[in-house]
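Q: I am new to this structure. Please take one part and walk me through it closely.

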Amino acid sequence: MCGRFTLVVSMEELMLRYELDPGNSVPYHRPQYNIAPTQMVLSIIHDGKGLRLGELKWGLVPSWAKDESMGSRMINARSETLLDKPAYRLPFERKRCLIPADGFYEWQRTGSGKQPYRIKLKSSELFSMAGLYDIWVREDGSKVATCTVITTRPNALMEPIHDRMPVILRREDELRWVRRGAEDPKELQQLLIPYPAEDMEAYPVNSTVNSVRNDSPLCIEKSS
């Protein structure tokens, strides 16, 4: 699964990375060292003209859901079954998003408990996790925009740590993923593969990251 990630770059770096229009309004952003489910996360969609940056609540609530509570159970979507699950099928066909990150956390089981790791690109560059989003309407008419992170099988780096990892899209595939239009879902599914292990690195961090209340540079410091 993918249950925590980081986005510690500035808004300026984010705008440059995705070539976003500076004329569009953007949400407030500060470095985030321990992003967790149910929080608002920066996300990128295609509005039919270009890429737009906004916020989505992490935990997908399908448009047909009876209430919002199921969102906390839908923080991840397995790439292999997107077309089989009613909650993901329509978003996969029509509502795909990018979720920017510069690292994610995973916990490796050990004899004495669980060791948290931060996983990132060796280049330390921003990357895009493949996501889906949907809009749910409350009884009072207000709308809730939510998202989920797509996961896939682990690459060689991740395999000793965990049996799943988030789908990290190749940079050249990002626009294809979010662009609206008649894209064959089965062809898009071919993009949802493990990122090359040789381009990634993992290092242990201390237990500070275990609590969602902690959101400071201590979370990403290498543990001795």
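A: What follows starts from one arginine and the sheet around it, then turns to a hairpin and a helix.

This is a predicted model. Start with Arg-118. It lies in strand β8, which covers residues 113-121. Is Arg-118 buried or exposed? Its relative accessible area is 6%. Buried means under 20%, so Arg-118 counts as buried.

Which residues does Arg-118 touch, beyond those up to four places away in sequence? Among them are Asp-102, Gly-103, Phe-104 and Tyr-105. Glu-201, Ala-202 and Tyr-203 are also in contact with Arg-118, and so are Val-205 and Ile-220. Thr-6 is another contact of Arg-118. Here the two side chains are joined by a polar contact of 3.0 Å.

Now widen the view to the sheet. Strand β8 belongs to an open sheet of 5 strands. Their order is β2-β1-β7-β8-β13, and the pairing is antiparallel. The edges are β2 (32-35) and β13 (200-204), each of which pairs on one side only. From one strand to the next, the twist averages 30 degrees. Strand β1 spans residues 5-7. Its antiparallel pairing with β2 runs over 2 bridges. Phe-5 has Ile-35 of β2 as its bridge partner.

Next comes a hairpin, made by β3 and β4 with 4 residues between them. In the turn, Gly-48 has a positive phi of about 100 degrees. β4 (residues 51-58) runs antiparallel to β3, and 7 bridges join the two. One pair of bridge partners is Leu-42 and Glu-55, the latter in β4. How many residues of β3 are buried? In this strand, residues 40-46, the count is 5 of 7, so the rest of the structure largely encloses β3.

Finish with helix α2, residues 86-94. Its buried residues are Ala-87, Tyr-88, Pro-91 and Phe-92. Why do they line one face of the helix? Seen down the axis of α2, they fall within an arc of 105 degrees, so they share one face. In general, an α-helix has 3.6 residues a turn, so residues three or four places apart point the same way. The face of α2 turned away from the buried side carries Pro-86 and Arg-94, both exposed.

What do the buried residues of α2 pack against? The strands are β5 (76-78), β6 (96-101), β9 (127-137) and β10 (143-152). The helices are α3 (174-178) and α4 (185-188).

How values were computed
Residues numbered from 1 in each chain as written. Predicted model: local features only at pLDDT ≥ 70, side-chain atom pairs only at ≥ 80, totals over all residues. Heavy atoms only, no water. Buried < 20%, exposed > 50% of the residue type's maximum accessible area, 1.4 Å probe, protein only. Polar contact = N/O pair within 3.5 Å; in protein donor to acceptor, adjacent residues only side chain to side chain. Contact = heavy atoms within 4.5 Å. Pairing = 2+ DSSP bridges. Arc of directions from axis to C-beta. Axes fitted to C-alpha atoms, helices over the stretch in contact; angles between N-to-C directions.
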